[in-house]
Amino acid sequence: MEAIFGGITAIFSDPMCLALLVFGVFLGIVFGCIPGLTATLGVTLMIPFTYGLTAVQGLTLLIAIYVGGISGGMITATLINIPGTPSSIFTCY
């Protein structure tokens, strides 16, 4: 429990982490909405950009892209019945 609170304070005490969190979720939603671009592909493409960041900032960006990509895949699955990501195929049904 102590490690969880330490991680939360590390993320919310750094303004760069908050900016990367918002940017990562937005970019993940864009990757998830486009059919064929998955959350995993978004994380893979953003790995080189994390080399210049600290460990907390890099992991914040990658996790935000993954969560945004999974959520973005449900947008096209709900609206136009085309899954944006393979994990949202059951939303189409």
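Biologist: Is Ser-87 buried, partly exposed or exposed?
Modeller: This is a predicted model. Ser-87 sits in the loop between α4 and α5. Its relative accessibility is 47%. Buried needs under 20% and exposed needs over 50%, so Ser-87 counts as partly exposed.

Biologist: How far apart in space are Ser-87 and Ile-8, C-alpha to C-alpha?
Modeller: In sequence, 79 residues separate Ser-87 and Ile-8. In space, C-alpha to C-alpha, the separation is 28 Å.

Biologist: In which helix is confidence lowest?
Modeller: The mean pLDDT of the chain is 88, and 100% of its residues reach 70 or more. Confidence is highest in α2, at a mean of 92. At the other end, with a mean of 76, is helix α5 (residues 89-92).

Biologist: How many helices and strands does the chain have?
Modeller: From the N terminus on, the elements run α-α-α-α-α. That comes to five helices and zero strands.

Biologist: Is α1 roughly parallel, roughly antiparallel or roughly perpendicular to α2?
Modeller: Ala-10, Ile-11, Phe-12 and Ser-13 in α1 meet Pro-15, Cys-17 and Leu-18 in α2. The axes of α1 (residues 2-13) and α2 come within 5 Å and cross at roughly 90°. Angles of 65 to 115 degrees count as roughly perpendicular. Therefore α1 is, relative to α2, roughly perpendicular.

Biologist: Is Thr-60 buried or exposed?
Modeller: Thr-60 is found in helix α4. Not counting residues up to four places away in sequence, it touches Ile-11, Cys-17 and Leu-21. Its relative accessible area is 6%. The cut-off is under 20%, so Thr-60 is buried.

Biologist: Which backbone oxygen does the side chain of Thr-60 reach?
Modeller: The distance is 2.6 Å. The partner of the Thr-60 side chain is the backbone oxygen of Val-56.

Biologist: Within what arc do the buried residues of α3 fall?
Modeller: In α3 (residues 39-46), Ala-39, Gly-42, Val-43 and Met-46 are buried. They line one face of the helix, because, seen down the axis of α3, they fall within an arc of 95°.

Biologist: Which helices are included in what covers those buried residues of α3?
Modeller: The residues to be covered are Ala-39, Gly-42, Val-43 and Met-46. Their cover includes α2 (15-33) and α4 (55-79).

Biologist: What share of the residues in the chain is buried?
Modeller: The C-alpha trace spans about 40 × 30 × 15 Å along its principal axes. The chain has 93 residues. Buried residues make up 31%.

Conventions: Residues are numbered from 1 along each chain as its sequence is written. This is a predicted model: local features need pLDDT of at least 70, side-chain atom pairs count only at pLDDT 80 or more; totals for chains, interfaces and linings use all residues. Side-chain values use heavy atoms; hydrogens and water are left out. Buried means under 20% relative accessible area, exposed over 50%, partly exposed in between (1.4 Å probe, protein chains only). Helices (H or I, at least four residues) and strands (E, at least two) are DSSP runs, numbered from the N terminus. The arc is that of the directions from the helix axis to the C-beta atoms. Contact means heavy atoms within 4.5 Å. A polar contact is a pair of N or O atoms within 3.5 Å; within protein, one must be able to donate a hydrogen and the other to accept it, and residues adjacent in sequence count only if both atoms are side-chain atoms. pLDDT is the predictor's confidence in each residue, from 0 to 100. Axes are lines fitted to C-alpha atoms, for helices over the stretch in contact, and angles run from 0 to 180 degrees between N-to-C directions. Angles under 35 degrees count as roughly parallel, over 145 as roughly antiparallel, 65 to 115 as roughly perpendicular and the rest as oblique.
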